[in-house]
Amino acid sequence: MRIDAHHHLWDLTRRDQPWLDGAWAEPIRRSYALPDLVPHLAAHAVDATVLVQSSASYAETADLLAVAAGDGPVRGVVGWADLTDPGLAGVLAALPAGLVGIRHQVQDEPDPDWLTRPDVLRGLGAVAGAGLVYDLLVTPRELPAALAAVRALPELAFVLDHAAKPAVARGDWQPWAAGIADLARLPNVSCKLSGLVTEADWAAWRPPQILPYARHVLDAFGPERVLFGSDWPVCTLAAGYADVVALAEAATGHLTAAERSAVFGETAGRVYRVAAG
């Protein structure tokens, strides 16, 4: 079973995506629906997916859950919720089936320690109480706060998105690599092998520039805590779906067949509690 543990869909006729601001986003500033993705999944024998929020909106989360309720490949949704809401537990309890996790664009918060605020930690506790996963969308700047949050909530399963977005284009290694190693020592956090192509030079990246970052993630977390994600359609700023799959296959080429199966599906199935059918 192959699972793409991280992709997006959005409909600009229903709501704006404020992050798609600036000339850089022009290539992907359009709507993306599930039929746009399905041919890529079929071409690479991907059986199921996890659909991830892209705006801070309960309305978007409801739309994504409606997609997951259909007959397509989406088996779970990582939606958005206001972690600072004292009534978050009730909000989460009222959301439809299909929600497997919560995410917030922590990387956009002015405060690098946002994740350690008492109201945010309380909200993360509500996520744990609801039996959901929390996806960490952070950069190296927020890694220390992410580490503190993971330590404070051992009962909550965390998933680190996009390997915390190392600055591949600049060739930066530290303090990112140390931060990854520190997080990987905590058993309640996994990491997505996703999003690295868009941290590289979009026009000129080559696999040898990215593979050391991917392999550091694999070495630190082990295949049983690494999940493949395409980050489609954001990845298309730098690479096609096939290129992203090929890069992940190159990064995992030294692993056993069982270990590759973990990265490409079994880890996601266990962490998010989703299945192909």
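A cavity, on a 1 Å grid over the protein atoms alone, is a set of points where a 1.4 Å probe fits but cannot get out. The structure discussed here is a predicted model, and the report covers its enclosed and open spaces.

**Enclosed space**

The count comes to 1 cavity of 30 Å³ or more. The largest cavity holds about 110 Å³ of space. Its lining consists of 13 residues, and Leu-193, Ser-194, Leu-196, Val-244 and Leu-247 lie closest to the centre. Two or more lining residues are contributed by each of α7 (207-221) and α8 (241-251). The largest share belongs to α8, with 4 residues. By class, the lining of the largest cavity comprises 10 nonpolar and 3 polar residues, with no charged ones.

**Open pockets**

The largest pocket has a volume of about 500 Å³. Of the 22 residues along its lining, those closest to the centre are Trp-19, Gln-105, Gln-107, Leu-137 and Lys-165. For the second largest pocket, the volume is about 200 Å³. Here 13 residues form the lining, with Leu-9, Trp-10, Asp-11, Tyr-32 and Asp-63 closest to the centre.

The linings divide by residue class as follows.

| Space | Nonpolar | Polar | Charged |
|---|---|---|---|
| Largest cavity | 10 residues | 3 residues | no residues |
| Largest pocket | 8 residues | 9 residues | 5 residues |
| Second largest pocket | 6 residues | 2 residues | 5 residues |

Charged residues are thus absent from the lining of the largest cavity, whereas the lining of the largest pocket includes 5 and that of the second largest pocket also includes 5.

How values were computed. Residues are numbered from 1 along each chain as its sequence is written. This is a predicted model: local features need pLDDT of at least 70, side-chain atom pairs count only at pLDDT 80 or more; totals for chains, interfaces and linings use all residues. Side-chain values use heavy atoms; hydrogens and water are left out. On a 1 Å grid over the protein atoms alone, a cavity is a set of points where a 1.4 Å probe fits but cannot get out, and a pocket is an open set with protein on both sides within 12 Å along at least five of seven lines; lining residues have an atom within 4 Å of a point. Grid points are joined across faces, edges and corners, and a volume is the space filled by probe spheres set on the points. Ala, Val, Leu, Ile, Met, Phe, Trp, Tyr, Cys and Pro count as nonpolar, Asp, Glu, Lys and Arg as charged, and the others, Gly among them, as polar.
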